[in-house]
Amino acid sequence: MKDIMRVKCSISEDVETLINQEIKKEAHSSAIYLGMASWCARNGYEGAADYFFKQADEERDHQMKFFKYVLDMGGNAVTPEISNIKQEYNSFREVFEEALEQEISVTQSIKNIAARCQKENDFLTLDFLNWFFKEQREEEIKARRAVELFDVIGEEGTGRWQIDKAVGAISYNSEA
């Protein structure tokens, strides 16, 4: 029966495996952002907590897009187990630096899926991934801008308070 089902699947086993790994990465990112939101809220950074709650929701939406895509293509989407989520940070800045690192890691992971799809001439999945590339460009730019606030505003005096207020206003407009 497995061989018959595989014939009905529009993506290869390798691509399916990579996408299932991405599903886990997106779920992990969502959980990381929840941990960051919790840390920020506990430390009085309500603006940053709201920012990370929104990021957590976005990552879960991304997870679900990948999950649904695998199912739509006739594959087996795997529900990921998530553990070992960091709950404590050494500084307000560290939270944002790690968020940027997380976004860069996700972008690289999606690039790896695209590279495999190109090798296999899997144009359907490549087309599906284009939305994520645009989304990742936006997410990386916003994460970089958040880290830049620490250099532009500084953390002395009311700096962290100003950064906390400014984080929620970070936006990206791809129209030039």
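This note goes through the cores, one helix pair and one residue of a predicted model.

1. Local features are given at pLDDT of at least 70 and side-chain atom pairs at pLDDT 80 or more, while totals for chains, interfaces and linings use all residues. Residues are numbered from 1 along each chain as its sequence is written, and side-chain values use heavy atoms, without hydrogens and water.

2. The largest nonpolar core (buried Ala, Val, Leu, Ile, Met, Phe, Trp, Tyr and Cys residues joined through side-chain atoms within 4.5 Å; buried is under 20% relative accessible area with a 1.4 Å probe, protein chains only) has 28 residues, of which Met36, Trp39, Cys40, Phe52, Phe92, Val95 and Phe96 touch the most other members. Two or more residues each come from α2 (13-42), α3 (46-72), α4 (92-120), α5 (123-152) and α6 (159-167), helices being DSSP runs of H or I of at least four residues, numbered from the N terminus. The largest share, seven residues, belongs to α2. Apart from this core lies another of 20 residues, including Ile19, Phe67, Ile113 and Cys117.

3. The axes of α3 and α4, lines fitted to C-alpha atoms over the stretch in contact, come within 13 Å and cross at roughly 15°, so the two helices are roughly parallel, a term for angles under 35 degrees. In their contact (heavy atoms within 4.5 Å), Ala48, Tyr51, Phe52, Gln55, Glu59 and Phe66 of α3 meet Phe92, Val95, Phe96, Ala99, Glu103 and Ile110 of α4.

4. Valine 15, placed in helix α2, is buried, with a relative accessible area of 0%. Leaving aside residues up to four places away in sequence, valine 15 touches Arg116, Cys117, Glu120, Asp122 and Thr125.

Note on methods:
Buried means under 20% relative accessible area, exposed over 50%, partly exposed in between (1.4 Å probe, protein chains only). Axes are lines fitted to C-alpha atoms, for helices over the stretch in contact, and angles run from 0 to 180 degrees between N-to-C directions. Angles under 35 degrees count as roughly parallel, over 145 as roughly antiparallel, 65 to 115 as roughly perpendicular and the rest as oblique.
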